[in-house]
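Q: Please take a close look at the interior of this protein and at the contacts that join its parts. I would like one connected account rather than a list.

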Amino acid sequence: MRPEPVDLKFHSTEEIEEGIVIGVTTRSVPKALLEEYLDELVLLADTAGVTVVHKFSQDRSSVDRATYIGSGKAAELAGVIEEEKIRVAIFDDDLAPVQVRNLEKLLKCKILDRSGLILDIFAARARTKEAMTQVELAQLQYMLPRLTRQWTHLSKQYGGVGTKGPGETQIETDRRAIRTRISHLKKKLDGISREREVQRRGREGLTRVAMVGYTNAGKSTLFRAMTGADVLVEDRLFATLDTTVRKITPGQGKNVLLSDTVGFIRKLPAHLVASFRSTLSEVVEADLLLHVVDLSHAHAADQIGTVNETLKALGADTKPVLLVFNKIDKLADRSRINLFAERFAGSVFISAERNINISGLSEKMMEMIDEDSIERTLNFRQSEYGLISKLHDIGELLGTKYTGDRIEVRCRVPRKNEEQLQKLLSRSIDSNELNFKTHHRD
Ligand SMILES: Nc1nc2c(ncn2[C@@H]2O[C@H](COP(=O)(O)OP(=O)(O)OP(=O)(O)O)[C@@H](O)[C@H]2O)c(=O)[nH]1
Ligand SMILES: [Mg+2]
């Protein structure tokens, strides 16, 4: 008999389900920290349409290899799940396939872990072709090692959780189909990044600033305040899943390309970070990062750490960063500002929603950009128009003046392109070196 074709589209959790969240306190995760993790998991569950009716924690020296929480605790949990008619159990840590298998037998409900939940949310919220392709790729990569007859998403097709699923042959067929789809998606993403590359070429010389931050910190609200662009702002996790870029002119005719993109969260699945590379390319290639932090959040400092870790995973951790503490209008205790100002020197404090100190932020941003670029006035002959147009690729032209057969060009070039500037000038007929007028403080 020919096996049924696999439907590789994921089912997002649209309908409301009752759920339970489960975590383990260990030596490295004390009770208070676990509480924080579970609270966030409840928010994530809510975003995915799961109403959490219970939080469940277990104290162990380490997690149990077979069942994550230990068999005794699992039996206790099974009782609660049956009694409350809970349909989904969500674990804070990533589960090994064998743990999922065992837990499904013991708890007789759908088992999800944090990564699976985050992937579900991304899948439900992705709107652009790029985001949808990236999410599907991450999901399939997550799914491949977990492909057992109990695997939660696929098992829906086979009569739901706990029922007998496909035999080994079917699993092998599924695996092959998934691998083929993965390589197809990778090719499609390559195509998308090439398209992006072409779009970018036209704006190469402009300074690029990317907003990054924990999800719900207020990046899109700030982006709106700074650009006037009508991007989506919502009080929920992962409102933004794509990248928007706008040109702004924050200081003395100088242009900056500002981008808003997807937010980060603790334990963002590695596959997701990897497959979102194309969306996150603005971050990777930015000249400056605006790291937006929700100062009113009790765990703002931890969130900064998480964002920094994700930047490291992206290879963007050595860029200049301006820390932007947002939502100061929400603070009950203003002394928090002093505390963070002392701890994070050079940071700015704003309210994106109330438009407080956005000009202070712009000023500081321009200051950092200026520190990282050089301004020159150069002289060319009119016949050297080709060279001037090449200047566009490595920097920004701030003004041109025509005198006789000469063109005087004022430009700003990021420091990283200084060598390219020298090369370009060496091709000029007159030695431009002699005409250098450095505006910069160096
Ligand atoms: N009180 C207050 N609320 C704010 C401020 N800035 C943003 N918010 C609110 O915070 C929530 C999240 O804002 P977004 O701008 O969508 O956050 P984001 O960082 O883009 O979030 P994601 O795209 O989900 O990662 C919304 O409800 C905003 O109205 C602020 O300065 N003060
Ligand atoms: Mg956003």
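**Buried residues and the parts they join**

A: Thr-26 has a relative accessible area of 17% and is therefore buried, the limit for that class being under 20%. This description, like what follows, refers to a predicted model. Thr-26 belongs to the loop between β1 (17–25) and α1. Once neighbours within four places in sequence are left aside, its contacts are Arg-60, Ser-61 and Ser-62. Asp-59 stands 33 residues away from Thr-26 in sequence, yet the two C-alpha atoms are 6.4 Å apart in space.

The wider setting comes next. The protein chain contains 15 helices and 13 strands. It has 442 residues, of which 52% count as buried. Among contacts in the chain with a separation of 6 or more, 70% are between residues 24 or more positions apart.

In soluble globular proteins, nonpolar side chains tend to be buried together. Here, the largest nonpolar core comprises 45 residues, and Leu-44, Ile-90, Leu-117, Phe-122, Phe-238 and Leu-268 have the most contacts inside it. Two or more residues of this core come from each of α1 (31–47), β2 (50–59), β3 (88–91), α4 (114–125), α5 (129–143), β5 (207–213), α9 (270–275) and α11 (300–314). Helix α1 provides the largest share, six residues. The core lies between domain 1 (17–158) and domain 2 (203–370), because both domains give residues to it. Phe-122 illustrates the packing: not counting residues up to four places away in sequence, it touches Val-135, Phe-238, Leu-241, Val-262, Leu-268, Leu-272 and Phe-276. A second core, separate from this one, has 25 residues, including Phe-223, Met-226, Val-292 and Leu-361.

The metal site also involves buried residues. Two protein donors serve the magnesium ion (ligand 2), namely OG of Ser-220 and OG1 of Thr-240, at 2.0 to 2.1 Å from the ion. Ser-220 sits in helix α8 (residues 219–227), whereas Thr-240 is in the loop between α8 and β6 (244–251), so the pair ties together parts that are 20 residues apart in sequence. Ser-220 counts as buried, at 8% relative accessibility. Thr-240 is buried too, its relative accessible area being 13%.

Aromatic rings provide further links. The structure holds seven aromatic pairs. In one of them, Phe-325 and Phe-344 are tilted, with 5.7 Å from centre to centre and 50° between the planes. Phe-325 lies in strand β9 (residues 321–326) and Phe-344 in the loop between α12 (335–343) and β10 (348–349), so this pair ties together parts that are 19 residues apart in sequence. Both Phe-325 and Phe-344 are buried. Phe-325 also pairs with Phe-349, here in a stacked arrangement with 5.1 Å centre to centre and 20° between the planes. This second pair joins strand β9, which holds Phe-325, to strand β10, which holds Phe-349, and so ties together parts that are 24 residues apart in sequence. Phe-349 is buried, as is Phe-325. Phe-340 completes the picture, since one aromatic cluster is formed by Phe-325, Phe-340, Phe-344 and Phe-349. An aromatic ring also meets a charged side chain: Arg-266 lies over the face of Tyr-37, at 3.2 Å from the ring centre.

Next to Arg-266 in the numbering is a residue with an uncommented backbone angle so far. Lys-267 is not a glycine, but its phi is positive, at about 55°. It is found in the loop between β7 (254–260) and α9. With a relative accessible area of 32%, Lys-267 is partly exposed. Asn-357 likewise has a positive phi, near 60°, in a residue other than glycine. Its place is the loop between β10 and α13 (358–371). Asn-357 is partly exposed as well, with a relative accessible area of 34%.

A last link involves strand β11 (residues 373–381), where Ile-374 is located. Ile-374 counts as buried, at 1% relative accessibility. Arg-415 is 41 residues from Ile-374 in sequence, while their C-alpha atoms are 6.3 Å apart in space.

Definitions and conventions: Residues are numbered from 1 along each chain as its sequence is written. Chains are lettered from A and ligands numbered from 1 in the order in which they are written. This is a predicted model: local features need pLDDT of at least 70, side-chain atom pairs count only at pLDDT 80 or more; totals for chains, interfaces and linings use all residues. Side-chain values use heavy atoms; hydrogens and water are left out. A nonpolar core is a set of buried Ala, Val, Leu, Ile, Met, Phe, Trp, Tyr and Cys residues joined through side-chain atoms within 4.5 Å. Buried means under 20% relative accessible area, exposed over 50%, partly exposed in between (1.4 Å probe, protein chains only). Helices (H or I, at least four residues) and strands (E, at least two) are DSSP runs, numbered from the N terminus. Domain bounds come from an automatic or database domain assignment. Contact means heavy atoms within 4.5 Å. Donors are N, O and S atoms within 2.8 Å of the metal (3.2 Å for Na, K and Ca); water is not among the atoms, so sites may look incomplete. Rings of Phe, Tyr and Trp (its six-membered ring) pair if their centres lie within 6.5 Å; planes under 30 degrees apart count as stacked, over 60 as edge-to-face and the rest as tilted. A charge sits over a ring if NZ of Lys or CZ of Arg is within 6 Å of the ring centre and within 35 degrees of the ring normal.
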